[in-house]
Each structure stands twice: as C-alpha cells, then as structure tokens.
Amino acid sequence: MGATSVGPVRADQSASARMPRLGLRVRRRRHPYLLEAFTWVYLAWSMVPIGIAVLFSFNAGKSLASWQGFSLRWYLTDPNQSVLHDPALHAAVVQTLRLGVLTTVIAVPLGVGLAIGIDRWRGRSAAGLSFIMVSTFVVTELLLAVALSFVFSQLFTFVSFGTTAEVLGLVVWNMAWPGVIVRARLLTIGRVYEEAAADLGASRPSVIRRVLLPMLAPAIFASAVLVFASVIDDFVLVNQLSSSAGSQSMAVVIYSNVHGGLAGPALNALATLMLAFSLVLVVVGWAGYRLMTRGERTSGASALGQIAGVG
Amino acid sequence: MPRSVHKPSNRAARGELLWAAIALPGALWLVLLFVVPFYAMVAVAFGGANPLFQTPVPAWNPLHWSGSNFTAVWHDIVGPGAYIGPALLRTLLYTAAASALALAIAYPVAYFVTRFSGRRRALFLTLLIAPFWVSYMMRMLAWVDLLQTNGYANAVLSFLHLSTQPVDWLGGHASTVILGLVYGYIPYLILVLYAGLDRVDQRLIEAARDLGLGPWRTFCHVTLRLSRPTILAGMLITALPMAGDYYTNQLLSNTPSTTEVGNQVEGLLSLPGANGQGAALALILLAILAIPIAFYVRGTMRGGAGALA
C-alpha cells in the first residue's frame with residue numbers, strides 16, 4: 001500500500017542519484033504543538049480542582065464557592081468545627097496515622113519474607129503462594145472487604161470489627177507491595193553475592209543478614225513508603241471493617257460527610273492534611289531512597305569484604 | 001578464612017527449610033486472611049439464614065450447599081421488579097464509557113510525553129505522577145466543590161454563555177459519574193500507556209518513515225499496533241476497579257438512578273436476613289471479573305518468569 005505508491009519513484013532513481021537523497025532523509029520533525037497543548041490542558045484539568053479544594057480549606061467563611069479571606073479557622077481556630085476541635089475529625093487523623101504505622105510495620109516484614117521465600121524456595125507451593133500474592137493485588141477491593149467481614153463475623157469471631165479487623169485486612173491488601181518490589185529486586189541482584197559469601201564460609205542466616213538484607217534495603221524502604229501511602233488513602237476496607245466513629249479514617253469521614261453532615265471547608269482541611277502527609281512521604285521516600293542507593297555499586301562487594309575479613 | 005565447612009547436600013536441605021520458614025508467616029497470613037475469607041463468602045452464599053435472628057448460617061460443608069440465595073438474587077436480576085439487573089447494566093455501561101473516554105484522553109498525553117517531551121520529560125513525568133499522591137477521596141471532594149449549583153463549574157459555563165440556568169450536576173447525572181470515574185482512574189492508565197509506548201522501538205518508526213509512510217500511517221501501522229497489548233493492560237487496570245467502584249457514584253450523585261452493583265452488594269449486607277444474597281451477588285460479580293483478573297495475573301506471572309530467564 002504505502003510501499004507500492006513509493007515503488008515507481010524509487011525505480012527510476014539510479015544508484016548515484018540516491019546519495020543526495022540520503023541527505024534529505026534527515027527529516028525535520030515539526031513539534032506537535034496541538035498535542036502539547038492537549039497535554040497541558042489535561043495536566044491543568046488534573047490539578048486545578050485539587051488546587052481549588054486546597055485553597056478553600058483556608059477560606060475564612062463557610063462557602064466553597066466564594067473566597068472570603070485567608071484564615072486557619074478550619075484547621076485550628078474554630079472552636080467546634082475545626083480539625084483540631086471537632087472530635088470526629090480529630091479522631092480520624094489519629095486513626096489514619098495509627099492504621100498507617102501498624103499496617104506498614106506488619107505488612108513489610110511479612111511481604112519481604114514472602115518475596116525471599118518464594119524466590120529462593122522454588123517449587124509448587126512457592127508458585128501457588130506467588131499466585132495468591134498477585135491475586136491480592138488485582139482482586140476487587142470491595143470483594144475482599146466483603147469476604148473479610150464474613151470471616152470476622154462467622155468464623156474468626158474473636159476478631160472485633162474496628163482497628164483490629166482493619167489492620168488485618170489492610171495487611172492482606174498491601175502485602176503485595178513489598179512482595180512484588182522486593183522480588184523484582186532479588187531477580188536483578190541475582191545470587192552471585194550470596195554464593196560468594198557462602199564460599200567465603202558465611203552461614204545461611206549470616207548471608208541473609210549481612211549480604212541479602214543490606215542489598216534489599218532500598219527496595220524494602222521504597223515498599224514501606226508505598227504501603228504507608230496506600231493505607232492513608234484507603235477507603236473501602238476501612239469503611240467495611242470499621243465499627244464506630246472512632247475507628248474511621250480520614251477518607252471514610254470525608255466520604256460519609258460530603259452530603260450533609262460536616263460538609264464545608266473543614267472537610268477540605270482534612271483532605272489537605274491527607275495531601276500534606278502524602279507529600280511528606282514523597283520527600284522522605286525520595287531522599288531516603290537517594291541516600292540508600294548512593295553507594296549502590298559497592299554495597300555487595302563491601303559486605304563480601306567484611307565476611308572475608310578484608311573489608 | 002572459612003569459619004566453618006558444611007557438606008553441600010546438608011546445607012542445601014537446611015537452606016530449603018530456611019527459605020520456607022522465612023516465607024511462612026506471610027504465607028499463613030495470606031491463607032488465613034485471603035483464602036479462608038473467600039471460602040467463608042462462598043459458605044455464606046450457599047448457606048441459609050436463621051429465621052429468628054435473620055443472621056446468615058454458613059454452610060461450610062459443600063455437601064450441604066443450597067442455591068436458594070442464588071435463586072433469590074437471580075430473580076432480582078432478571079425477574080419482575082428486578083432492581084439488581086439495571087444496576088449491573090449501569091455498572092457495565094459506566095465502566096465501558098469511562099474506560100473509552102479515559103483511553104481517548106490518556107493515549108495522546110502518554111504519546112506526547114514519550115515521543116516529544118525531549119529534555120522536559122522528567123518535568124512531565126513528575127506532573128503525571130502527581131495525582132497518585134492525592135487521595136481518591138480528595139480528588140472527588142474537589143469535584144463535589146466545583147459542581148455545586150453555585151460552584152465554579154456553573155459560574156464558568158454562565159460566564160461563557162453556554163448555559164443560562166445553573167445545572168444541578170450532583171443531582172443524579174450519569175455523565176457526572178462517568179466524569180468522576182475518568183478523573184479518578186486515568187492516572188493509572190496514563191502511566192501504563194507511558195511505560196508501554198516508551199518500549200516501542202524508535203527504529204521501527206524510523207524504518208516505516210524511510211519506507212515512505214506518512215506520519216499518520218506510521219502511527220497507525222507501527223505505534224498503535226505495537227501498543228495494543230499495552231492498551232489492553234491499561235484498560236484492565238482501570239476497568240477492574242471501576243467495576244467494583246461504589247463510592248464515586250455515591251459522592252457525585254447519591255441518587256438511586258446511578259446505583260451500581262457494588263452499592264447493591266453493600267445494601268444487601270446491611271439488610272437483615274439478606275447477607276446470604278449479598279454474598280451470592282458478590283460471588284456473581286467475582287465470577288464476572290474472574291476472567292479479566294485471571295488474564296491479568298497470568299500476564300504478570302509470565303512477565304516475572306520472562307525476567308527470570
């Protein structure tokens with residue numbers, strides 16, 4: 001099609017005539033201004049609403065549509081409706097951070113262990129575990145939440161709805177982060193350093209502690225940041241497994257108050273705080289990752305040196 | 001100096017045990033809190049209800065399973081006065097419309113950033129990733145603010161003389177819900193498309209141009225064709241959560257005219273005596289989504305194996 005229409009033109013060109021044509025082949029690529037404009041419009045669309053929501057959390061009045069001056073009323077100073085003074089909003093901030101810390105502390109070691117185990121201990125059960133782990137990643141969150149609420153109400157009745165059930169569920173939902181990320185890292189570093197350390201006489205536990213874990217540290221750290229961030233934003237599991245107002249996270253409080261209830265800039269203030277937590281995480285995560293991967297090339301070799309007694 | 005010498009075979013056997021031990025806590029957690037819960041859901045769905053307290057009576061033994069919950073749900077899907085059927089249909093419609101719209105927006109953006117952003121690529125990538133760090137609830141809240149009757153959306157429309165009457169955007173419009181879904185899930189799609197388009201070999205595009213294809217045909221015959229698996233993966237990643245979404249419509253419309261199947265599951269669970277039907281409907285939803293989920297899991301696992309080789 002394209003080639004046939006070009007064919008005849010080519011056919012009457014002699015070999016010598018091709019030389020100058022080669023020079024012309026360097027096409028000047030015209031910049032696609034239309035495409036770039038589209039991209040900028042998309043970016044504006046994706047950010048401006050959030051910017052406006054943040055702005056109105058600082059509004060002095062109750063309105064979400066007309067600006068009445070800057071104030072911290074909805075964060076600190078309003079005696080009843082500010083995040084600091086409204087017990088429901090206050091509790092939501094505390095509960096969100098509690099869930100984030102507890103889930104990260106449990107899910108990351110479990111996920112890292114699972115990743116190492118699956119990667120090193122090949123076999124049918126490892127493949128099955130890997131399948132289950134990936135499934136937790138893609139199964140619809142509502143279905144997991146429904147299944148968990150049944151198991152806690154029918155079988156594991158000793159688990160109470162509220163923080164306990166929420167953490168148990170969030171760990172399942174987030175364990176795949178360290179699982180997948182650490183496993184990818186294990187595949188890239190291979191087994192060279194471990195085998196070298198074993199040849200130098202290090203025992204298996206010592207190989208794990210002195211070679212494997214230091215080399216996995218950046219991946220473990222990155223996955224911890226991702227788990228924490230994803231728990232802060234989580235809505236479905238916390239909503240389905242919470243028991244009372246005290247065990248609701250910020251996302252759940254925003255959801256249940258958008259229509260009626262606490263609607264108004266106080267919710268925007270709560271959402272802005274969530275955003276602030278995430279931004280702190282981005283900065284900590286980025287800085288930490290840079291710090292940990294600075295000596296990347298040498299970390300494996302230096303661990304080996306220490307084991308051999310020369311490092 | 002080697003501190004100790006093991007017999008290799010002995011070491012290997014103990015190693016196997018050690019690796020299994022390391023994986024054990026996580027494995028137990030997944031079995032007890034992922035596999036068992038789904039079985040509990042199956043048991044409740046195939047079980048009955050206590051006639052006095054209206055609590056579900058799960059049937060743990062498959063020999064005692066009864067299909068009464070499924071029959072009841074089936075009547076609510078297709079029977080007279082069915083209310084779940086429309087919700088299922090709506091879920092399908094919203095998911096399809098929102099996925100298509102998201103693709104139409106995401107593809108050009110991802111294409112531009114991979115091919116033409118040049119030295120500003122890091123800037124564009126940062127801006128594309130930014131929405132990931134804003135919680136879903138906040139992004140929906142932002143639109144609830146804008147779409148109020150006296151909000152900025154109506155103000156802009158009347159300023160441009162596009163509408164004279166303020167529109168009640170949050171009063172149960174399907175278009176508002178679809179907009180919310182697109183806004184909520186498009187960042188995932190863009191990143192998947194970006195990663196896929198970035199892998200399209202530039203030399204093939206050059207070759208197509210050298211062989212005389214125009215820019216438009218090059219795009220259709222090379223770039224678009226090579227990015228088909230990526231488009232499929234991106235559609236799966238966005239459509240799966242969209243199909244299970246029950247909060248976007250609640251936030252942006254909150255009327256029965258936009259309820260989706262997730263809302264029906266939630267509703268049945270809070271209705272006394274209907275927990276079994278809720279579980280049955282959840283299982284039906286799972287069965288519908290199982291095909292795309294399995295497709296995705298297989299792709300992921302094969303990708304992992306490919307990286308191994």
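This report describes helices, contacts and burial in a predicted model with chains A and B.

**Chain A**

The secondary structure of chain A consists of 15 helices and 0 strands. Of the 311 residues in chain A, 41% are buried. When contacts in chain A between residues at least 6 apart in sequence are considered, 73% of them join residues at least 24 apart.

Helix H3 of chain A covers residues 33-56. The buried residues of H3(A) are Thr39(A), Ser46(A), Pro49(A), Ile50(A), Ala53(A) and Phe56(A). Both chains contribute to their cover: it includes helix H14 (265-292) of chain A, and from chain B helix H3 (84-116) and helix H5 (136-146). One of the buried residues, Pro49(A), is the proline that follows shortly after a kink at Met47(A).

**Two kinked helices**

H3(A) and helix H7 of chain B (residues 174-198) are set out below.

| Helix | Residues | Span, first to last C-alpha | Expected span | Kink | Proline shortly after the kink |
|---|---|---|---|---|---|
| H3(A) | 24 residues | 34 Å | 34 Å | about 30° at Met47(A) | Pro49(A) |
| H7(B) | 25 residues | 35 Å | 36 Å | about 45° at Tyr185(B) | Pro187(B) |

In H3(A) the span is close to the value expected at 1.5 Å a residue, and the span of H7(B) is likewise close to its expected value. H7(B) is mostly covered, with 18 of its 25 residues buried.

**The interface between the chains**

Contacts between the chains involve 83 residues of chain B and 78 residues of chain A. On the side of chain B that touches chain A, at least two residues each come from helix H1 (8-45), H3, H5, helix H8 (202-210), helix H10 (228-243), helix H12 (261-270) and helix H13 (275-308). H1(B) gives the most to this side, with 22 residues. By class, the side of chain B that touches chain A has 63 nonpolar, 12 polar and 8 charged residues.

H3(B) and H5(B) thus appear twice in this account: they supply residues to the side of chain B that touches chain A, and they are among the helices covering the buried residues of H3(A).

**Packing of H5(B) against H7(B)**

Within chain B, the axes of H5(B) and H7(B) come within 10 Å and cross at roughly 140°. This crossing of H5(B) and H7(B) is right-handed. H5(B) makes the contact through Tyr136(B), Arg139(B), Met140(B) and Trp143(B), while H7(B) uses Gly180(B), Tyr183(B) and Gly184(B). By class, the contact of H5(B) with H7(B) has 4 nonpolar, 2 polar and 1 charged residues.

The spacing of such contact residues can be read against a general rule. An α-helix has 3.6 residues a turn, so residues three or four places apart point the same way.

**Two single residues of chain B**

Phe38(B) is placed in helix H1 of chain B. Phe38(B) counts as buried because 21 other C-beta atoms lie within 10 Å, where the cut-off for burial is 20 or more. The C-alpha atoms of Phe38(B) and Ala97(B) are separated by 30 Å, and these two residues are 59 residues apart along the chain.

Thr126(B) is found in helix H4 of chain B, residues 121-129. Thr126(B) has 9 C-beta neighbours inside 10 Å and therefore counts as exposed, the cut-off being 12 or fewer. Between the C-alpha atoms of Thr126(B) and Leu193(B), 67 residues apart along the chain, the separation is 15 Å.

Note on methods: Residues are numbered from 1 along each chain as its sequence is written. Chains are lettered from A and ligands numbered from 1 in the order in which they are written. This is a predicted model: local features need pLDDT of at least 70, side-chain atom pairs count only at pLDDT 80 or more; totals for chains, interfaces and linings use all residues. Helices (H or I, at least four residues) and strands (E, at least two) are DSSP runs, numbered from the N terminus. The expected span of a helix is 1.5 Å times one less than its number of residues. The bend at a residue is the angle between axes fitted to the seven residues ending there and the seven starting there. Two residues are in contact if their C-beta atoms, placed from the backbone, lie within 7 Å. Ala, Val, Leu, Ile, Met, Phe, Trp, Tyr, Cys and Pro count as nonpolar, Asp, Glu, Lys and Arg as charged, and the others, Gly among them, as polar. Axes are lines fitted to C-alpha atoms, for helices over the stretch in contact, and angles run from 0 to 180 degrees between N-to-C directions. A crossing is left-handed if the near helix is turned anticlockwise from the far one by less than a right angle, and right-handed if clockwise.
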